[in-house]
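Student: I would like a close look at one part of this protein. Could you start with a place where helices meet, and then walk me outward from there?

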Amino acid sequence: MDRVRLPAGRRRRAAALTALGTVVALVATACGGGPPPDPKAKDLDALYQEARAEGSVIWFAPKPESQMRPAIDAFQKKYPGIKVKYTNKKAPDLVTQLNVEQAANRVSFDVSNAGGLTVLPSLDMAAKVDWSDFKVPSDQVFDSNFVYVWAVPKVWAYNTKVVPRKDVPTSWDDVLDSRWKSGRLTIESRGSFMTVWAQDSALGTGAGLDYAARLATLNPHYTENTTQAHANIVSGQTPVGTDLINLVLDDQSKGAPIAVAPVGPTNANKSYLFVPKGSPHPAAGRLLTAFLASAEGQAALVDTYNSVIPSNTDCTDAATNKVIGALCQAGVKWYSETDVKQYEKFSAFFPKVEDALGTDVD
C-alpha cells in the first residue's frame, strides 16, 4: 500500500469559514437581535425550573448518538419537560461553527465539546458559569467554565485475526519494526497519538519528533482522523494502528476482531463540555452539563465507555470502569492534561509532528 498524503486545503477551508464569520457578523449587526439572558438560578432546583420553561437543550459532541443515548434517556427521566436534541459533530467543526455563530449573535446549540487541540480556541467561547452552584465536583471543572465529563485514551490497536499474538507490538519501539512497513500501519495524520511525548518528561518533544520521522520511513497509511484509522484496523486492511480505546471496546462488544496493543505510556485525552456564550437555552445547557458530570450522569455514560478517569495511571476502579479496566489489563500507563499550559505546549508540538510525519500539506 502506498503512503497516503492528505489533500491540500484544510487550512484554506478554515480561513474561508473565518472570513464567512465576519460577513455573517456584519449581517447580524445590521439585522439586530441578540442572545437570551443568562439564567438567574443559583441551585439545581431553580435551574430546572428555568430549563423546563426553555423546553429543550441542543447538544453537539463528537460521539455517535447511540453512545450518548443512555445518558440522554436518564436526563430526560430525571428532568421531564426538557427534550434533548443531539447532533454528532466533529470537534474541529464545532469550533468553526461556533466561531461563525457567535460572531453573528446567532448561536444554534447549548452544549458544546472541547478536547485536545480544540481546547484553546474554545476557551473564549464558553459562557461564565459558577459550576459549584450546580454541584459539579471541583476536580471536574477546568479553567472555570469547562466541565470534564469523559476521557478519550489514545491507544495502539491490532486486528486479532491478522496479527499473531507473538507479533503484537508491546512498546513504542516495537511499532518501528520493519514488519509494519509499506502500509501495514494506519496512523491518524494529525499526530494526536503523539501527545504523551509532550507530557512525559521521560519521553520529551525532541525525542518525539525524531520518533515521528522514523515512523514516517515505514510509509504508513495516513488517515484524516482516528475513526478512519480504527475502521482500517477492524477490516484488517491495515492490521496495526492508532486508535481510541472507546472505539476499540465498542466494536469488541459487537464481536469485531480488534484489541488494545500494550504500547505505552499514552495520553488519556480529557473531553470537556461547556455552554457557549449566547446559547438559545442557557439554563438547559447548564442543567445537562451538570447532570453529565454528576454520579448519576457518569453511571449512565460508563457502560458506553465514556466516563471520567483519573488524570494519571490508577487501576483502583478497573473492575467497575471498562475503560480503566482495559488500559490496566493491557498494562498501558496513561497521563491526562491538567492545565492550560499543557494545551499550549501541544499546540506548538503538533504542527512539528505533522511536519515530521510528512502530513503537513498546504
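Tutor: Here is a walk that starts at one helix pair and then visits other sites along the chain. Keep in mind that the model is predicted.

Start with helix α7, residues 205–216, and helix α13, residues 340–357. Their axes come within 8 Å. They cross at roughly 25°. Angles under 35 degrees count as roughly parallel, so α7 and α13 are roughly parallel to each other. The crossing of α7 past α13 is right-handed. Which residues of α7 and α13 make the contact? From α7 come T205, L209, A212, A213, L215 and A216. From α13 come K345, F349, K352, V353, A356 and L357. Sort the contact of α7 with α13 by class, and you get nine nonpolar residues, one polar and two charged.

Next, the disulfide. The count for this model is one. C315 is joined to C328, with 2.0 Å from S to S. Look along the S-S bond: the angle about it is -100°, and the link of C315 and C328 is left-handed. Where do the two ends sit? C315 is in the loop between α11 (295–302) and α12 (322–330). C328 is in helix α12 itself. The two cysteines are 13 residues apart, and the pair links distant parts of the chain. Is C315 buried or exposed? Neither label fits: its relative accessible area is 38%, so C315 is partly exposed.

The loop that holds C315 follows α11, so turn to that helix next. Its buried residues are G297, Q298, A300, L301 and V302. What covers them? The cover includes α3 (65–78), β5 (146–159) and α10 (282–293).

Now find H230 in helix α8, residues 226–235. Its relative accessible area is 6%. Buried means under 20%, so H230 is buried. What does H230 touch, leaving aside its neighbours within four places in sequence? Its contacts are T242, D243, L247, V248, D251 and I258.

Then come some backbone details. Most residues other than glycine have a negative phi, and most peptide bonds are trans. Three places here go the other way.

One is a peptide bond. From G264 to P265 the bond is cis, with omega near 5°. P265 sits in the loop between β9 (258–261) and β10 (266–274).

Another is N105. Its phi is positive, near 55°, and N105 is not a glycine. You will find N105 in the loop between α4 (91–103) and β3 (112–115). Its relative accessibility is 40%, so N105 counts as partly exposed.

Then there is S182. This residue is not a glycine either, yet its phi is positive, about 55°. S182 lies in the loop between α6 (172–175) and β6 (185–188). Here too the label is partly exposed, at 40% relative accessibility.

Last stop: D130, in the loop between α5 (119–122) and β4 (141–142). At 44% relative accessibility, D130 counts as partly exposed. How far is the C-alpha atom of D130 from that of N145? The separation is 7.4 Å. Along the chain, D130 and N145 are 15 residues apart.

To go back over the start, trace α7 and α13 once more and pick out the right-handed crossing. Then locate the link from C315 to C328.

Notes. Residues are numbered from 1 along each chain as its sequence is written. This is a predicted model: local features need pLDDT of at least 70, side-chain atom pairs count only at pLDDT 80 or more; totals for chains, interfaces and linings use all residues. Side-chain values use heavy atoms; hydrogens and water are left out. Axes are lines fitted to C-alpha atoms, for helices over the stretch in contact, and angles run from 0 to 180 degrees between N-to-C directions. Helices (H or I, at least four residues) and strands (E, at least two) are DSSP runs, numbered from the N terminus. Angles under 35 degrees count as roughly parallel, over 145 as roughly antiparallel, 65 to 115 as roughly perpendicular and the rest as oblique. A crossing is left-handed if the near helix is turned anticlockwise from the far one by less than a right angle, and right-handed if clockwise. Contact means heavy atoms within 4.5 Å. Ala, Val, Leu, Ile, Met, Phe, Trp, Tyr, Cys and Pro count as nonpolar, Asp, Glu, Lys and Arg as charged, and the others, Gly among them, as polar. A disulfide is a pair of cysteine sulfur atoms within 2.5 Å. Buried means under 20% relative accessible area, exposed over 50%, partly exposed in between (1.4 Å probe, protein chains only).
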